[in-house]
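Colleague: I am new to this model. Could you walk me through it, one question at a time?

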Amino acid sequence: MTAGTAGERTAPTPEPVAVPGPPLPAGRPARPVRRREARVGLLFVAPMLLLFVVFRFGPTIGAAFLSLTDYRLSGDWRFIGAENYARLLQDDLFWSSLGVTALYTLFFVPLTVGLSLGTALLLHRTVWLRGFFRGVFFLPYVTSIVLAAVIWKWIYDVEDGLLNAVLGVLSLGPVDFLGDERLVLPAIAATSAWKGFGYSMLILLAGLQSIPREVTEAAVIDGATGWRRLRWVTLPLLRPVLFFVLVIEAIGAFQVFDAMYVMTAGGPVRASYPLVYFLYDTGFKFFDFGYASALGLVLFLVVLVFSLIQRRLIGRDE
Amino acid sequence: MARLRLPVLLVLVALVTMTPFAVMVLVAFAPPGGRTLPGAFDLTRATWENFSAVLSGADVTRWAANSLVYSLVSVVLILLFSSMAGYAFAKKRFPGREVLFWSFLATLMVPFQATLIPYFVLVSRLGGVDTYWGLIVPTLANSQAVFLMRQFIAQLPDELFEAAKIDGASEWRIYTTVVLPLITPVLATLGVFVFLWHWNDFLWPLVIGQSSAMRTLTVGLATLEGENVAVNQVMAGATITVLPCLLVFGLLQRYLTDSIATTGLKS
Amino acid sequence: MTTGSKRALAPLALLTAASLLAGCGGDGGSEANDVTVWMYPVIADPKANSAYWDQVEKDFETAHPGTTVTIEEQPWENRDEKLATAFGSGKGPDVVLLNPDQVPQYLGNGALRPVDKAVEGIKESFLPNALDALTHDGKLYAVPIYHTVTTTLYNKRLLDRAGIDKPPATWDEVKAAAPKLKRVGAATLDYSASNEATLNLNFYPLLWQAGGTVFSEDGKKAAFNGPEGVAALTFLTDLYKAGAVPRSALTNTNIFADHPLGKQQVAMGFSSTLADADLARKTWGAGNVVVGKPLRNAEQVSFGVPGGLGVNAKARNVAGAEKFLAFMAGPARIQSLGKASGFLSPRTDVTVPSDDPHAKRFQEALPFAYPGEPSPVARQLMALIAPEIQAALTGRKSPREALDAAAAQADDLLARQR
């Protein structure tokens, strides 16, 4: 992708959730809907429709229903009303997992957006081997978080890990990154940020390249340089894209699970035990499917709030 | 000096980004037991031993086959069903079209983890636990794919289809001979993404694959790690896991990076 | 070995030709004359484990023409998650290897059927403890095929260096040894406090040694936060604070190699298996390995369980399954399995012949072996207690606060069981 072609495109079309796509084609002259056309349309949609009804709409309604029961693995269940929700409010584990999730989000989002913005700005000003560097920065994104977790677990290892070897050379440490309650979330957030920053970097880069050259050139003529130009010209223009990236990463952070599953098993002292891990354990270790479904609904509500904020603010910016 | 600052910074950040991959490969090739620095970095002692150990001990080949089945079958079916749906949503009028399309999209607001339990209950009741279909079929309902297809096909001029229709071609024929060739670029892009999503997927294969024989490579890697296999072997396994991603990346980097910037596709 | 989900030294034994051929989990073989069995890496060496169970398949089919058996090798990792979901979705195996603490859980779900018929006439030959542990409401739910035992393992080199002639056998002796070992740069007692490590090899033995129990007598309340539990956790946290329990205990799982005990950084472990002792002989040198009796405080006890074969309530071929159970409980199989795995015999009339130099010491520890208190929520409870023990070790909570917090959660959990 060259600067030219990217510049012609506007800021990224965010995920479909955020912004409605172009209107459905209404260009054809109004005429009675032909039955044949309708039948063909339905037939072509049918396979996907069936999949959605069974595997998307069904489970979503099912989640709400299950959360009102005490469904067990064996398949017996009783309707227990809002009991699961009442229990949830009094469950220290729930609140602690929610707290861990929020704290993790606070570590992860600035870290990953900072990294993405930094690398995007670097790439934006680079001419030399830009495609190569963009590829390098993006590479971790195409791997799995499990892979990242496996590698970084060794990097953080208190006895043999790379990081402690480096610290050892500097006569520091050893630091037990994953065994220390205060360090474990930043350490995992760094792993996830390494794995994922390439995505937001590309979005931000496209955003940067869509800023008309004249604007920045005008700023240069006005004497704005370096940091000032970034602070007062580039960032304000980048705001909608930056905001989109922030929300997307926050939504992702709230669903964190894989990294903890591989790196810490939630420890030490549940310092890295997030909401989805609690949901997973409740379902697949305690077999308490009703309660786990209630937890799922909480997760849904949190993500919904994020999405609505995003919609609202992006709508305002346009 | 100031002119050099940018490239130096770039190279530094690139080096840091690549370091984890580098240590993975170095530890994977280090002699067994050579997990500590600097022993692991002695290239003269590099060996394939960890790879042969991990390949002969655990069922890495079976997991890799499962991952391939999971990813490739999903790619083919998602491309087929989503392009069919996208074509209908973009070019056909039928009652409930708008409602359907938007309710497909609305499911994006529901995180997968939130419906994990009913999902699992449903699939296990249907007998899908520990089967390929149980692994694959539920992941085919992909709204991003439908969305992307509809957007792309909507941009194609109607005349292209009208001409074929006048020639008396059946709808299925129009779809296979006119629509599919026209949407090749978006099929390629989406195909790459779907492949990576499935290859790297963790939570669903973790809960649905009960026996070792039904694990995917990503889940298998996590269990290798959990079972405390020697670090050298885990890293050898990790290296094997990442190879297809690197291959796809190397071949199709441009498709990937361009399409994120323009469509915001994200797993 | 079998005792701990993470104890597996044989992680690579996951897959063998057998499970490959079997394809998808418990789905293999729908004909009613086939019996599917879920087996775990009871033999630490993956190749030996596969070879052993392959041979069992052949021998059984020779002895019982017309009945085929498919033994699928599963990993210890997450075995309850897998088994429960498999049972729940009707895809469970016909026969499965069970530990005593798993029995009540699956019994509660209606997933197991009594197996008394398989041991008709030979019931008296089994260790009473072994049968008791697998019996509920007078019915036997798994036929013991081996018995494990753990005991203390000492590193003589470290003890010598610290000038300790008599290996510490009681809590007081452990406490007294700690400063001496610290002077020579060694820790005293190995411990695994990871969330993934089973408490059966870590906190529970200390609790039992203090004279405490996990549950109240009726099994409806937590009892581990009584004075005995507090004493046990205080013993542990005091040692940890003094550096006598390795720092890495917090994240360690029950693994010998690559961990402090194997790396000769700590002088003793209190839940070591015969396999550990053999490994120690190789890495420390034979002269440095001392196997002792279980550690003693108010009680002298260590963890040890029978491993038994249970039958799925929905088994398609009950007669075949029972034949297989009887086959495995026969003297020949108990001896060959014991010899290959290093486990002991669950039968009083059968001893496993062994040329292992430590086998005799482990045999002597068998009378002290305790399989733990049966509870349908035994495994879940561990997930609640483990983080609180970490909290006590890091000093965030006092031992009493930590155990009280865990007990409150445990009582909730128990109250929810119907």
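Modeller: Happily, here are some questions and answers about confidence, contacts, strands and the core.

Modeller: First, some ground rules: this is a predicted model, in which local features need pLDDT of at least 70 and side-chain atom pairs count only at pLDDT 80 or more, while totals for chains, interfaces and linings use all residues. Residues are numbered from 1 along each chain as its sequence is written, and chains are lettered from A and ligands numbered from 1 in the order in which they are written.

Colleague: In chain A, which helix has the highest confidence?

Modeller: Confidence is given as pLDDT, the predictor's score for each residue from 0 to 100. Helices here are DSSP runs of H or I with at least four residues, and strands are runs of E with at least two, numbered from the N terminus. In chain A the lowest mean, 31, belongs to helix α1 (residues 3–8). The highest mean is 94, in helix α4 (residues 92–124) of chain A.

Colleague: Over which residues of chain A does pLDDT stay under 50?

Modeller: Where pLDDT is low, the predicted coordinates should not be read in detail. Chain A has a mean pLDDT of 83, with 86% of its residues at 70 or more. The stretch under 50 is residues 1–27.

Colleague: How many residues of chain C are in contact with chain A?

Modeller: Two residues are in contact if their C-beta atoms, placed from the backbone, lie within 7 Å. On that basis, 17 residues of chain A meet chain C, and the number on the chain C side is 18.

Colleague: Is strand β13 of chain C largely enclosed or open?

Modeller: A residue is buried if 20 or more other C-beta atoms lie within 10 Å of its own, exposed if 12 or fewer, and partly exposed in between, with C-beta atoms placed from the backbone. In β13 (residues 306–312) of chain C, 7 of the 7 residues are buried, so the strand is largely enclosed by the rest of the structure.

Colleague: In β13(C), which residue is the bridge partner of L98(C)?

Modeller: Strands pair if DSSP finds at least two bridges between them. Strand β3 (residues 95–98) of chain C runs antiparallel to β13(C), joined by 4 bridges. Opposite L98(C) is G308(C).

Colleague: Which helix gives the most to the largest nonpolar core?

Modeller: A nonpolar core is a set of buried Ala, Val, Leu, Ile, Met, Phe, Trp, Tyr and Cys residues joined through C-beta atoms within 7 Å. The largest has 315 residues, and A85(B) is one of those touching the most other members. With 16 residues, the top contributor is helix α8 (residues 184–209) of chain A.
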